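Please walk me through this model stop by stop. Tell me what to select and what I will find there.

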Amino acid sequence: MNIANKRILLIDGREDWLSRTEAILRQAGYEVSKAHDCKDAQAVLQREGNSFDLIVANQLQVERAKDALYDLIWAEPDRRRRVVVLFSTEPTLPRMREVFKLGVYDCLVKQDEPERMLELLREVIEKQASAKVTS
Amino acid sequence: MAYNVLVIEDTPDWRKKLVGYLIEEGEYNIQEADSYGKASKLLQKQPFDVAIVDIRLVDWDERNEQGMQLLRELDKVADENGTQSIVITGYGTKDRMREAFRDHQVVDFIEKQRFDPEEFKATVLKAAEKAFSRRGEILDRK
């Protein structure tokens with residue numbers, strides 16, 4: 001899959017992680033924007049347009065602001081925004097269920113290896129590109 | 001208006017329990033299936049607003065995941081009449097949960113070990129209302 005022009009919005013409270021991940025993704029060919037939490041992400045979407053292929057949110061930002069995440073996902077009722085939640089460690093089934101029920105597209109575990117992280121994100125983008133849009 | 005619900009569960013006790021909670025609500029026409037084959041036939045025969053799907057439909061067979069196969073059939077049905085699916089399982093895994101939510105857009109993935117009747121009833125009602133609204137959208141497009 002050609003990832004040129006694929007746009008990703010990263011949401012994480014830690015600037016160091018944001019900058020490091022942004023650099024890795026840019027190097028791989030993605031266009032990247034950053035936000036520190038879900039409300040900040042709404043502002044980015046308003047400012048930069050709605051054309052992100054994927055929004056990748058840190059679990060903490062999600063669990064601290066479930067309503068803001070819900071609003072982010074369902075801003076347009078007939079078009080769900082694709083949000084992936086990144087967990088720091090393997091989540092339990094109840095925690096996964098909780099975020100999935102908000103409308104999150106997928107749950108992943110943060111990878112130390114940049115290559116592995118890129119591979120996981122690529123898989124998600126490919127999967128959603130081939131999926132039917134029903135939500 | 002009564003919503004049509006299909007309960008697909010091979011274990012008699014659980015089937016009885018789920019149906020019992022729905023009967024209490026008085027808002028549903030309920031059909032039951034205790035196997036993949038029966039469920040599949042019912043899905044072809046009539047439209048349902050909600051399908052409640054157990055993953056392992058042969059309880060003694062650890063490898064049985066016919067419920068996941070039914071979710072694929074339900075995807076097609078959902079395109080035609082808006083049917084919403086809810087998974088219920090005693091053997092949930094992260095992979096199955098991801099697949100159910102991500103690939104089949106299920107409304108919920110309920111673990112039997114953490115079953116909460118009130119939450120279940122609220123989830124089914126929400127799913128039924130969503131199915132009704134989705135069906136309206138489908139009819140408008142035709």
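The tour below visits helix pairs, a chain contact and two loop residues in a predicted model.

**Stop 1: H5 of chain B**

Select residues 117-141 of chain B, which form helix H5. Put a distance between the C-alpha atoms at its two ends: they are 36 Å apart. At 1.5 Å a residue, a helix of 25 residues should span 36 Å, so the two values agree.

Now colour the buried positions of H5(B): Val124(B), Ala127(B), Ala128(B) and Ala131(B). Show what they pack against. The partners in chain B are strand E1 (3-8), H1, strand E3 (50-54) and strand E4 (84-89).

**Stop 2: H1 against H5 in chain B**

Keep H5(B) on screen and add H1, residues 12-25 of chain B. The two axes come within 10 Å and cross at roughly 65°. With 65 to 115 degrees counting as roughly perpendicular, H1(B) and H5(B) therefore fall in that class. The crossing of H1(B) past H5(B) is right-handed.

Show side chains at the contact. H1(B) brings Tyr21(B), Leu22(B) and Glu25(B), while H5(B) brings Pro117(B), Phe120(B), Lys121(B) and Val124(B). Five of these residues are nonpolar, two are charged and none is polar. Val124(B) appears in this contact and also in the buried set of H5(B).

**Stop 3: H3 against H4 in chain B**

Next, select residues 66-81 of chain B for helix H3, and residues 94-104 for helix H4. Their axes are 11 Å apart, at an angle of about 5°. An angle under 35 degrees counts as roughly parallel, so H3(B) and H4(B) are roughly parallel to each other.

From H3(B), pick Met68(B), Leu71(B) and Asp75(B); they meet Arg96(B), Glu99(B), Ala100(B) and His104(B) in H4(B). Here the split is three nonpolar, one polar and three charged.

**Stop 4: the loop after H4(B)**

Move on to Gln105(B), in the loop between H4 and E5 of chain B. Check its backbone: phi is positive, about 50°, although the residue is not a glycine. Most residues other than glycine have a negative phi. Is Gln105(B) buried or exposed? There are 20 other C-beta atoms within 10 Å, so Gln105(B) is buried.

**Stop 5: where the chains touch**

Display both chains. The contact takes 11 residues from chain B and 11 residues from chain A. On the chain B side, helix H4 (94-104) and strand E5 (108-111) each supply at least two residues. Which element of chain B gives the most? H4(B) does, with five residues. The chain B side has three nonpolar, two polar and six charged residues.

**Stop 6: H2 against H4 in chain A**

Switch to chain A and select H2 (residues 38-48) and H4 (residues 66-73). The axes come within 8 Å and cross at roughly 25°. H2(A) and H4(A) are therefore roughly parallel to each other. H2(A) passes H4(A) in a left-handed crossing.

Label Cys38(A), Lys39(A), Ala41(A) and Gln42(A) on H2(A), then Ala68(A), Leu69(A) and Leu72(A) on H4(A); these make the contact. By class they are five nonpolar, one polar and one charged.

**Stop 7: Glu90 of chain A**

Finish at Glu90(A), in the loop between strand E4 (83-87) and helix H5 (93-101) of chain A. Count its neighbours: 10 other C-beta atoms lie within 10 Å, so Glu90(A) is exposed. Then draw a line to Cys107(A), 17 residues away along the chain. The two C-alpha atoms are separated by 9.8 Å.

Terms used
Residues numbered from 1 in each chain as written. Chains lettered and ligands numbered in written order. Predicted model: local features only at pLDDT ≥ 70, side-chain atom pairs only at ≥ 80, totals over all residues. Axes fitted to C-alpha atoms, helices over the stretch in contact; angles between N-to-C directions. Helix = DSSP H or I, 4+ residues; strand = E, 2+ residues; numbered from the N terminus. Parallel < 35°, antiparallel > 145°, perpendicular 65-115°, else oblique. Left-handed = near helix turned anticlockwise from the far one by under 90°. Contact = placed C-beta atoms within 7 Å. Nonpolar A, V, L, I, M, F, W, Y, C, P; charged D, E, K, R; others polar. Expected span 1.5 Å × (residues − 1). Buried ≥ 20, exposed ≤ 12 C-beta atoms within 10 Å, placed from the backbone.
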